[in-house]
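Welcome! Take a moment to turn the structure around on your screen, and then let us walk through it together.

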Amino acid sequence: MTKWRYAFYMIFVAFSLVSLFFFDRNVLAGELALYILFTLLLLRKLWKGEHAKKETPTDGTPISSILTHANVHYAEIDLNEQKLWLKKREQIMKDEAAKLQQTAVYKRFVSFLNNPSKTLLADADWEELIANLECAIPNFRIVRFETEQISKDCYRLCVLIRYGFKPSEIALIMGKTTSFITKTRQFLLHKIYQVSGTAQEFDVRLLDIF
C-alpha cells in the first residue's frame, strides 16, 4: 500500500470520527459502509504483501528461475533412471540370449548352418526350439497369437530372430531367399504392430520382448 493511500485512509478515519458529532444517522451509515470497504481493501493489500514475501527467496532469486532449475533437476533424475533401466534391460537381454544359445536344440540349428543339407530341419526340432523360447520368455507367446492366423513359418521366423540368428542365416534355415525374409519381416511389423517401417525395426521390437 502506497504512502498517499495510507494517508488518505487515515484522513477518512479521522473525518468519520468527527462526523459522529455533526451528521445524522443516515450519513453515518454510509460512512460506516465505506469504512468497512476501505478496511477490507487494506487487509487484502497487507495479505498480498505477506504472501509475496513468503514466496520470494531470501537471496532475491526469482521464483520462475527456481522452478525452471527444479524442472531441469527432475529431468536429469528421469534421464539417469532411464539410462540405468536401459543398461539393466540390455544385461537381461544378454543373459536370456546366453541361456537360449546354450540349449541343445539351438546348437542343433547352428550345426545345420555349418553343414547345410537339402533336408530341412524336422517339425520336432522346430517345436523344441519354440518350446524352449516360450519357457524362457513366456511373453513371447503373444507373437504366436498374432501370427498363427497367417502361417507357422511366420512364427518360426520370429522365433529365429529372437534367438539372435541373422537374416541370411534365417533364410538358409528356412530354405528361403534373404529378400523374402526381409519382406516378410516388414509385413509382420505392419500386421502385428500396425506400423510401417524397416525389417530392422521389427527385429528390435521382438528383441525387446522379455
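A good place to begin is Ile-173. Leaving out residues up to four places away in sequence, Ile-173 touches Phe-109, Phe-112, Leu-113, Leu-120, Leu-121, Trp-126, Leu-160 and Phe-165. Keep in mind as you look that this is a predicted model.

Several of those names come back when we turn to the largest nonpolar core. This core has 34 residues, and the members that touch the most other members are Phe-109, Phe-140, Leu-160, Phe-165 and Ile-173. Which elements give two or more residues to the core? They are α4 (104-114), α5 (123-136), α7, α8 (167-174), α9 and α10 (199-207). Of these, α7 gives the most, with 8 residues.

Let us stay with α7 for a moment. This helix covers residues 152-163, and Arg-156 is found in it. Is Arg-156 buried or exposed? Its relative accessible area is 8%, so Arg-156 counts as buried, the cut-off being under 20%. Apart from residues up to four places away in sequence, Arg-156 touches Asp-123, Trp-126, Ile-130 and Met-174. You have met Trp-126 already, as one of the residues that Ile-173 touches.

Next, move along to helix α9, which spans residues 178-193 and holds Thr-184. With a relative accessible area of 12%, Thr-184 is buried too. Setting aside its neighbours within four places in sequence, Thr-184 is in contact with Cys-154 and Leu-157.

Now follow the chain into the loop between α9 and α10, where you will find Gln-194. Here the picture changes: Gln-194 has a relative accessibility of 58%, and because the cut-off for exposed is over 50%, this residue counts as exposed. Its backbone deserves a look as well. Most residues other than glycine have a negative phi. The phi of Gln-194, however, is near 55°, a positive value in a residue that is not glycine.

Finally, step back and take in the whole chain. How many helices and strands does the protein chain have? There are 10 helices and 0 strands, and reading along the sequence gives the pattern α-α-α-α-α-α-α-α-α-α. Of the 210 residues in the protein chain, 25% are buried. Among contacts between residues at least 6 apart in sequence, 53% join residues at least 24 apart. As for the outside, the accessible surface of the protein chain comes to about 14700 Å², and 61% of that belongs to carbon and sulfur atoms.

Definitions and conventions. Residues numbered from 1 in each chain as written. Predicted model: local features only at pLDDT ≥ 70, side-chain atom pairs only at ≥ 80, totals over all residues. Heavy atoms only, no water. Helix = DSSP H or I, 4+ residues; strand = E, 2+ residues; numbered from the N terminus. Buried < 20%, exposed > 50% of the residue type's maximum accessible area, 1.4 Å probe, protein only. Contact = heavy atoms within 4.5 Å. Core = buried A, V, L, I, M, F, W, Y, C linked by side-chain atoms within 4.5 Å. Areas by Shrake-Rupley, 256 points an atom, 1.4 Å probe, with all protein chains shown as cover.
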